[in-house]
Amino acid sequence: MIKMILFRKFRVLILMVFLVACTMHIMIDLLPKLEKRAVGVDSGDGGCQCAHHPDGESQGWGKQRARSAAEAGWPNKHTLRILQDFNNDPSSNLTSHSLEKITAAGDRVESLKRTRPSAGKAEDHKPLIGDSSGGRTIPAHGVSRLSALFEHHLYKSDLPPLTDVDTLFNVNTDIRFYPRATGNQGWHNEEGNEEEEEFSPTAEVTAESYPNWLRFHIGINRYELYSRHNPVLDALLKDLVTQRITSVAMKSGGTQLKLIMTFQNYGQALFKPMKQTREQETPPDFFYFSDFERHNAEIAAFHLDRILDFRRVPPVAGRLVNMTREIRDVTRDKKLWRTFFISPANNVCFYGECSYYCSTEHALCGKPDQIEGSLAAFLPDLNLAKRKTWRNPWRRSYHKRKKAEWEVDPDYCDEVKQTPPYDRGTRLLDIMDMTIFDFLMGNMDRHHYETFEKFGNDTFIIHLDNGRGFGKHSHDEMSILVPLSQCCRVRKSTYLRLQLLAREDFQLSCLMAESLLRDRLSPILIQPHLQAMDRRLRLVLQVLAGCIEKEGYTGVVEEDLVRDTTTYRSPGHR
């Protein structure tokens, strides 16, 4: 009898513990709403709101979050971007399927048709990248070397005439905007008078009034991500720095923390926060696959890609982000929000979730809540412009002891040349361009690359994920140049531009320094990194000189300056 009574009491005790646990979970979920309601009552005096003071946040964390939500409101599902993503391979660390995309994948194509165009047209005719500095001016010492470079005849070659099959989107059929179908106020004209908005005679918005991120997408074609003097590029870089951030989520996949940021104009960008100072080098005992991803490397890679005239890196700009107001208070990602804390130095910190360096020991801390980062504009969404992910033939083993086949077989390139898509067209030459690009940066982490599926094998390689470049200025990793030394092939345009950039009047380091001055976070690279690029450029030319001496000029240098519409489809390898 006593055992039965004890057993019943035990069951009652278990039930009570369960009920208490459920009650606590419910209270935790309702706490932000209750605090928000309490803040709404407390702030009913209509007085001015004080400026943001990080020192006081540790005392009223929930109230600060509720106040921000009450003022700005949580982003609704219509703010989720349509025409953007970074990769279609979930297993690759280039993948960028945001949490917003998972929750609203079915609504994306329809949402695209309901977005409102940007009202700003005054920004469409500005010097290339000039305004992305946020008012920063470059000291004038005579003629700008960068301007002189872009006036050189090597930077004025024309593309073949573009047809519908050569452009990623047909504006008339693939993309239509219905601006009045959306309630977003961020795209109304500045005066708030909708009657002043310009519409075409068909009552549809013209392509010129589309937001800059969409105009960038429309300009993508078989040969380039953007044209040399496209004014949209400058406007897009300015948007990356100035547009209000409405939503933040962690990027799934990858080894290190990256954030998906959504802007008021529906644009999205990949945010890589600052992890190292400009002066820090990668420790010599670090493997390439465990190195930090540097935000300034992403910025510098975009500028280097432009100077080399590849134009295969999506636009990237540096931005100083308020971790409280622009990340914590606008995120809908609870896993991210829960990792915020106040450090002993009274700085705002967070660490998120990822494979490497996502812990309190490797937290990202502001000063006191400001943090630098790079923002890379998203490419079109995979639902509208599929991309194919390719394994780099010269991919490293990503193992502490094993070596890849190309590291032990000096004739490895002969096998690659016989394997599609490297047995025809320009793909192998694109690999050589990417090899030179990576060597100048010191980037050893190029395991995959991507192309747009629409263009088949007859298109360029997209240079994504450059965060592990510019890690060591004191060391030149010659193994990065193995594809070039094994294959001994290069485009004539690339070869001539490299020779041009080795000249004193067009010195690569000076051009990079001038170009990087225009970024909001300048200086981006310290002088030793700039000097290292000049040194590495000479090494590239030495390798090519050895190839030419061995195989002859015509056996190494592929003519591409005089080309027609069949260039990307003609056999290009001997």
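**Close-up 1. E514 is a buried acid, with a relative accessible area of 11%.** This is a predicted model. The side chain of E514 meets that of R518 in a salt bridge. The N to O distance is 3.8 Å. R518 counts as buried too, because its relative accessibility of 16% falls under the 20% limit.

**Close-up 2. K272 and E298 join strand β3 to helix α8.** Their side chains form a salt bridge, at 2.5 Å from N to O. K272 sits in β3, residues 268-273, and E298 in α8, residues 295-307, so the pair ties together parts that are 26 residues apart in sequence. K272 is buried, at 3% relative accessible area. E298 is buried as well, at 6%.

**Close-up 3. R491 and D560 link distant parts of the chain.** The two residues form a salt bridge, and their closest N and O atoms lie 4.0 Å apart. R491 belongs to strand β11, residues 490-491. D560 is in the segment after β12, the strand at 557-558. The separation along the chain is 69 residues. R491 has a relative accessible area of 6% and is buried. D560, at 10% relative accessibility, also counts as buried.

**Close-up 4. Five residues share a network of salt bridges.** The acids in the network are E224 and D309. The arginines are R228, R311 and R497. Across the whole structure, the search finds 28 salt bridges.

Key. Residues are numbered from 1 along each chain as its sequence is written. This is a predicted model: local features need pLDDT of at least 70, side-chain atom pairs count only at pLDDT 80 or more; totals for chains, interfaces and linings use all residues. Side-chain values use heavy atoms; hydrogens and water are left out. Helices (H or I, at least four residues) and strands (E, at least two) are DSSP runs, numbered from the N terminus. Buried means under 20% relative accessible area, exposed over 50%, partly exposed in between (1.4 Å probe, protein chains only).
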